[in-house]
Amino acid sequence: MMSIEFVGMVFPNQWSETKGTRIGHKIDLEYLRYHARAHEYAGFDKVLIANGPSSPDSTQIAAYLAQQTERLGFMIAHRPALMTPNLAARSFATLDHTTG
């Protein structure tokens, strides 16, 4: 039997898909913590942390959220053009080891 995982997505600050703009340009730790905990309390298994040329470091966001949540898992988008695969593997392995 195949299990189903529910995956959400967190963002480092508020933004609007309908307006196409972010509501703030820096990392909003309070919002980020609230957003991750809301996913956890709603029963999501994991959240995706997007990665882009102008976004904050997704591994650092995951490390912060791992301290703020109890069981939520993290999926980190990887763009090889932004980070070499060997550096990404080392970074993700360290994150996995330090967050359990």
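**Notebook: sheet, helix and core**

I looked up the sheet first and found three strands in an open sheet, ordered 1-4-5, with parallel pairing. Strands here are DSSP E runs of at least two residues, and helices are H or I runs of at least four, numbered from the N terminus. Two strands count as paired if DSSP finds at least two bridges between them.

Strand 1 (7-10) and strand 5 (73-76) are the edges; each has a single partner strand, so one side of each has no neighbour in the sheet. I noted an average twist of 35° from one strand to the next. Angles run from 0 to 180 degrees between N-to-C directions, with axes fitted to C-alpha atoms, for helices over the stretch in contact.

This is a predicted model: local features need pLDDT of at least 70, side-chain atom pairs need 80 or more, and totals for chains, interfaces and linings use all residues. Numbering starts from 1 along each chain as its sequence is written, and side-chain values use heavy atoms, without hydrogens and water.

Next I checked strand 1 against strand 4 (residues 46-49): they pair in the parallel sense over four bridges. V7 has K46 of strand 4 as its bridge partner.

Then I turned to helix 2 (residues 58-68). Helix 2 lies across strands 1, 4 and 5, at about 175° to strand 5.

Last, the core. The largest nonpolar core has 12 residues, among them V10, A36, V47, L65 and L72. Such a core joins buried Ala, Val, Leu, Ile, Met, Phe, Trp, Tyr and Cys residues through side-chain atoms within 4.5 Å; buried means under 20% relative accessible area (1.4 Å probe, protein chains only). Helix 2 gives the largest share, four residues.

Terms used:
Contact means heavy atoms within 4.5 Å. Buried means under 20% relative accessible area, exposed over 50%, partly exposed in between (1.4 Å probe, protein chains only).
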